[in-house]
Amino acid sequence: MLGLGLASTHVGMTETPDSWRAGFERRLARWPELRESLPLQLKIETDEVMEGYQQRVAAAFKVLREQVEAYKPDAIIMVGDDQHEIFDHSNVPALAIVTAEELWGAHRVAYGSSEESPRVDYKTNPELARYIAKGLLKKGFDLANLVTLVPRGSTKEKGLGHMITGLVPMVDPEYKIPIIPLYINEYFAHHNDYYLPLPSAERCYDLGVALAEVLADRPERIAIYASGGLSHPASGGVPRTAEGGLPNNLPLGYVDEFLDRWFLDCLERNDSDAIKKLFIVDSESVRAGSGELRAWITVAGAMGRPAKVLDYMAHWHQVCGLGYAYWPPN
């Protein structure tokens, strides 16, 4: 049975004000001409402000970890996107599930960290993963099936990408709980266009509803975790170029706080009609990283009840709206 829902940004876990500033400077180094037109919010984010962010991020993950500890799930379905890690240009499925017997990845200390991280072998439940794949097929969802984990993108021998490696240790630091990766194509972009198809918000919500129905009769206690978001432009927000092909022309560091707060309010009110319309109107703001809200919408559909929003920060140095929420068991 699917009982506990979780959702959080998959960045900002163990970073410090120094690492946040360093990360932003690395982005800016690629486009130094943008230095004279940076948003004022970056000046407001002093070290003191970001130290407060660091404490709030830790407090939010503490609550999520306590929810997992209390629920004692037999498995966690990790829902999110792949950013050229497992998949490459040869194949970008709209939906995919990993039913492999073996899962591994790096224990990522900080998002984007260059330091070497030890390999982690994740527990999984291939039988349950196959059951999910078969059940969703009967309900009209044709998922690509990764029977063996063979990363073809940037991670190669490092295995699973950051949508999993960044979050699992935050709620299961001893890696005791089996995980099942469920991938959604959320904002793959190249040469000014998307890698189609991108599932609509309604399709993602219906996927969550179908997932809950498929698992209704399973004896296991199952949690589902939306990894990613909230709003953030591709590559932090850089100018569109003929050769770069990024799907946005937003300011470097831009965070759409209005979009984020509206979305979180919808989750708290369980306003499914509203969130199912999220991507109907195309805009710079809902493109790129904001597409990761598809994972949250999927979990909202699976839970079918109001969420408890823990915190939200419009973090301009992190180039992302940081959000944390959960759906307690009925």
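## Strand 12, covered on both sides

Let's start with strand 12, which has neighbours over both of its faces. On one side sit C320, L322, Y324 and Y326, and on the other G321, G323, A325 and W327, and every one of these is buried. Put as a tally, eight of the eight residues in strand 12 are buried. Keep in mind as you look around that this is a predicted model.

Strand 12 also has a partner along each edge. Strand 1 (residues 2-8) pairs with strand 12 in the antiparallel sense, over four bridges. One spot to look for there is S8, whose bridge partner in strand 12 is Y324. Strand 11 pairs with strand 12 as well, again antiparallel, this time over seven bridges. Here Y312 has G323 of strand 12 as its bridge partner.

## The hairpin and its turn

Strand 11 and strand 12 make a hairpin, with four residues between them. V319 belongs to that turn, in the loop that links strand 11 to strand 12. Its phi is positive, about 60°, even though V319 is not a glycine. With a relative accessibility of 3%, V319 counts as buried, because the cut-off for that is under 20%.

## The whole sheet

Now zoom out. These strands belong to an open sheet of eight strands, in the order 6-3-7-2-10-1-12-11, and the pairing is mixed. The edges are strand 6 (144-146) and strand 11 (308-315), each of which pairs on one side only. Going from one strand to the next, the twist averages 15°.

For a parallel pair, try strand 2 (residues 75-80) and strand 10 (residues 222-227), which are joined by five bridges. Within that pair, V79 stands opposite A226 of strand 10.

## Helices on the sheet

Helix 4 (residues 126-138) packs on the sheet and touches strand 2, strand 3 (95-98), strand 7 (179-184) and strand 10. The direction of helix 4 makes about 155° with that of strand 3. Helix 8 (residues 257-269) packs on the sheet too, touching strand 11 and strand 12 (320-327). Its direction makes about 175° with that of strand 11.

Helix 4 has a helical neighbour as well: its axis and that of helix 7 (residues 201-215) come within 9 Å and cross at roughly 120°. That angle makes helix 4 oblique to helix 7. On the helix 4 side, the contact is made by L128, Y131, I132, G135 and L136, and on the helix 7 side by L207, A210, L211, V214 and L215. The crossing itself is right-handed.

## Two loops worth a look

Follow the chain out of strand 10 and you come to L230, in the loop between strand 10 and helix 8. The peptide bond from G229 to L230 is cis, with omega near -5°.

Past helix 8 comes N270, in the loop between helix 8 and helix 9 (272-275). N270 has a positive phi, near 55°, and is another residue other than glycine. Its relative accessibility is 28%, so N270 counts as partly exposed.

## How confident is the prediction?

Averaged over the protein chain, the pLDDT is 85, and 87% of the residues score at least 70. Residues 240-247 are a stretch to treat separately: there the pLDDT is below 50. In the model, that stretch still has 22 contacts beyond near neighbours in sequence.

Note on methods
Residues are numbered from 1 along each chain as its sequence is written. This is a predicted model: local features need pLDDT of at least 70, side-chain atom pairs count only at pLDDT 80 or more; totals for chains, interfaces and linings use all residues. Side-chain values use heavy atoms; hydrogens and water are left out. pLDDT is the predictor's confidence in each residue, from 0 to 100. Contact means heavy atoms within 4.5 Å. Two strands pair if DSSP finds at least two bridges between them. Axes are lines fitted to C-alpha atoms, for helices over the stretch in contact, and angles run from 0 to 180 degrees between N-to-C directions. Buried means under 20% relative accessible area, exposed over 50%, partly exposed in between (1.4 Å probe, protein chains only). Angles under 35 degrees count as roughly parallel, over 145 as roughly antiparallel, 65 to 115 as roughly perpendicular and the rest as oblique. A crossing is left-handed if the near helix is turned anticlockwise from the far one by less than a right angle, and right-handed if clockwise.
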